[in-house]
Amino acid sequence: MTKKIAFVLLFISGAVFTGCSSDEKENENVVVDTATLKTFKDVTFSLDAEEGFDAGRFFSTETGKSYKKAQIDAATLPKIDIAFYGGSFSLNFFTTPNDAEYGIAKGTTTDFINDIKDQFTIDKFNKLEKGEDLNGLTITNDGNSFPDSKLPLVVLFKNAAGKKGVIYVKSVHRVGSNPRIVTDIKIQK
């Protein structure tokens with residue numbers, strides 16, 4: 001019992017000492033506002049159009065899962081809001097799931113800006129904590145692509161529900177048994 005009391009007093013003293021620090025700004029923790037922003041880490045998209053490896057080319061921000069085209073049924077289709085195509089070292093792009101050539105018939109519509117100039121940066125992505133911080137962005141489909149040589153980069157999107165998001169394309173892996181890109185995704189709730 002005495003040890004418990006000593007531990008509690010030590011804990012409270014430590015909390016008071018830390019809380020009274022004159023250097024409060026440096027001790028603040030960055031807290032992601034999970035009430036308004038969903039974050040997905042290390043989401044992979046296949047660079048293989050046949051999807052013969054582990055990664056798929058489709059993703060749902062609602063379920064938080066990647067899908068291969070063959071895995072998408074009538075119940076899953078309306079939940080898919082991101083599709084990816086990676087044809088070569090110079091031709092990669094995110095596209096609407098209902099894209100006539102690379103998507104799925106009757107899929108949802110999502111707008112993407114694959115070639116961002118100064119509208120959003122990787123630094124802004126890393127600091128993004130609240131979904132409302134994306135409200136001021138104007139996102140209309142740009143029809144552009146990006147080469148591997150521009151990575152890392154960010155891509156903006158707005159899904160059929162009007163939710164805005166950012167994809168941070170961190171890396172590309174074209175060699176080996178599972179060609180893919182690796183991303184982090186943040187989207188408004």
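Me: How many helices and strands does the protein have?
Reply: Three helices and nine strands. Keep in mind that this is a predicted model.

Me: In what order do the elements run from the N terminus on?
Reply: The order is α-α-β-β-β-β-β-β-α-β-β-β. Two helices come at the start, then six strands, a helix and three strands.

Me: What share of the contacts join residues at least 24 apart?
Reply: 57%, taken among contacts between residues at least 6 apart in sequence.

Me: How much of the protein is buried?
Reply: Of its 189 residues, 40% count as buried.

Me: Which residues have the most contacts inside the largest nonpolar core?
Reply: F45, I82, F94, I167, V169 and I185. That core has 19 residues.

Me: Which strands each supply at least two of them?
Reply: β1 (37–46), β4 (82–88), β7 (153–158), β8 (164–173) and β9 (180–188). There is also a second, separate core of 13 residues, with I113, I116, V166 and Y168 among them.

Me: Back to I82. What is it in contact with, beyond its neighbours within four places in sequence?
Reply: The list includes F45, F94, I167 and I185. I82 also touches R57, F58, F59 and T61, as well as T95, P97, F112 and F157.

Me: New topic. How much space lies in the largest pocket?
Reply: About 190 Å³.

Me: Which lining residues lie nearest its centre?
Reply: T61, E62, D81, N159 and A161, out of 14 that line the pocket. By class, the lining has five nonpolar, four polar and five charged residues.

Me: And what is the accessible surface of the protein?
Reply: About 10900 Å², with 54% belonging to carbon and sulfur atoms.

Technical notes. Residues are numbered from 1 along each chain as its sequence is written. This is a predicted model: local features need pLDDT of at least 70, side-chain atom pairs count only at pLDDT 80 or more; totals for chains, interfaces and linings use all residues. Side-chain values use heavy atoms; hydrogens and water are left out. A nonpolar core is a set of buried Ala, Val, Leu, Ile, Met, Phe, Trp, Tyr and Cys residues joined through side-chain atoms within 4.5 Å. Buried means under 20% relative accessible area, exposed over 50%, partly exposed in between (1.4 Å probe, protein chains only). Helices (H or I, at least four residues) and strands (E, at least two) are DSSP runs, numbered from the N terminus. Contact means heavy atoms within 4.5 Å. Accessible areas come from the Shrake-Rupley method with a 1.4 Å probe; for residues, only the protein chains shown count as cover. On a 1 Å grid over the protein atoms alone, a cavity is a set of points where a 1.4 Å probe fits but cannot get out, and a pocket is an open set with protein on both sides within 12 Å along at least five of seven lines; lining residues have an atom within 4 Å of a point. Grid points are joined across faces, edges and corners, and a volume is the space filled by probe spheres set on the points. Ala, Val, Leu, Ile, Met, Phe, Trp, Tyr, Cys and Pro count as nonpolar, Asp, Glu, Lys and Arg as charged, and the others, Gly among them, as polar.
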